[in-house]
Amino acid sequence: MSRSSEELALAIRCDVLEMVHRARAAHVASSLSVVDILAVLYGEILHHRPDDPGWEGRDRLILSKGHAAAAGYAALARAGYFAPELLSGYCANDSPLAGHLTASADAPGVELSTGSLGHGLP
């Protein structure tokens, strides 16, 4: 893992803890267990353009582990898909950041909704 990916992972971990605490939500372990993977993917491996989420040459990540939504949203925010301030609304009523990854025009980078039990790619 490169130094930049390590820094990204730390930022995502901090975001996850703040999001879950603020929302009084669960699934901290599910989110924290995938942080390093997301940091390396978004920091080093995936071909993506946060300023053009619909870019045809993009790689697509399917995070079927819906209980890791906080980490998924935090990784997208830290990668530049939307402002990290949006994370403060995680799990709140009328927030585009639902408890499981949910495709929304207000959450760029999430192309399909996933469930709690690997429903992203059955």
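Which residues of H3 are buried? In this predicted model, they are Val35, Leu38, Ala39, Leu41 and Tyr42. Seen down the axis of H3, these buried residues fall within an arc of 165°, so they line one face of the helix. The cover over them includes H1, helix H2 (28-32) and H4.

**Overall fold**

The chain has four helices and zero strands. Read from the N terminus, its elements run α-α-α-α. A compact globule of 122 residues would have a radius of gyration near 14 Å; the chain has 13 Å, which agrees. Buried residues account for 39% of the 122 residues. Take the contacts between residues at least 6 apart in sequence: 62% of them join residues at least 24 apart. The exposed surface of the chain is about 6600 Å². Carbon and sulfur atoms supply 53% of that area.

| Property of the chain | Value |
|---|---|
| Box filled by C-alpha atoms, along the principal axes | roughly 35 × 30 × 30 Å |
| Radius of gyration | 13 Å |
| Exposed area | about 6600 Å² |
| Share of exposed area from carbon and sulfur atoms | 53% |
| Buried share of the 122 residues | 39% |

**The nonpolar core**

In soluble globular proteins, nonpolar side chains tend to be buried together. Here, the largest nonpolar core holds 32 residues. Which of them touch the most other members? They are Ile12, Tyr42, Tyr73, Phe82, Leu87 and Tyr90. Helix H1 (3-23), helix H3 (35-45) and H4 each supply at least two residues of this core. The largest share, nine residues, comes from H4. Tyr42 belongs to this core and is also one of the buried residues of H3.

Tyr73 deserves its own look. Leave out residues up to four places away in sequence, and what does Tyr73 touch? Its partners are Met19, Phe82, Leu87, Tyr90, Pro96, Leu97, Ala98, His100, Leu101, Thr102 and Val110. Among them, Phe82, Leu87 and Tyr90 are also listed with Tyr73 as core residues that touch the most other members.

**Pro84**

Where does Pro84 lie? Pro84 is in the segment after helix H4 (69-79). Is Pro84 buried, exposed or partly exposed? Its relative accessible area is 31%. Buried means under 20% and exposed means over 50%, so Pro84 counts as partly exposed. Pro84 and Asp15 are 69 residues apart in sequence. In space, their C-alpha atoms are 8.5 Å apart.

Methods:
Residues numbered from 1 in each chain as written. Predicted model: local features only at pLDDT ≥ 70, side-chain atom pairs only at ≥ 80, totals over all residues. Heavy atoms only, no water. Buried < 20%, exposed > 50% of the residue type's maximum accessible area, 1.4 Å probe, protein only. Core = buried A, V, L, I, M, F, W, Y, C linked by side-chain atoms within 4.5 Å. Contact = heavy atoms within 4.5 Å. Arc of directions from axis to C-beta. Rg over C-alpha atoms; globule rule 2.2 N^0.38 Å. Areas by Shrake-Rupley, 256 points an atom, 1.4 Å probe, with all protein chains shown as cover.
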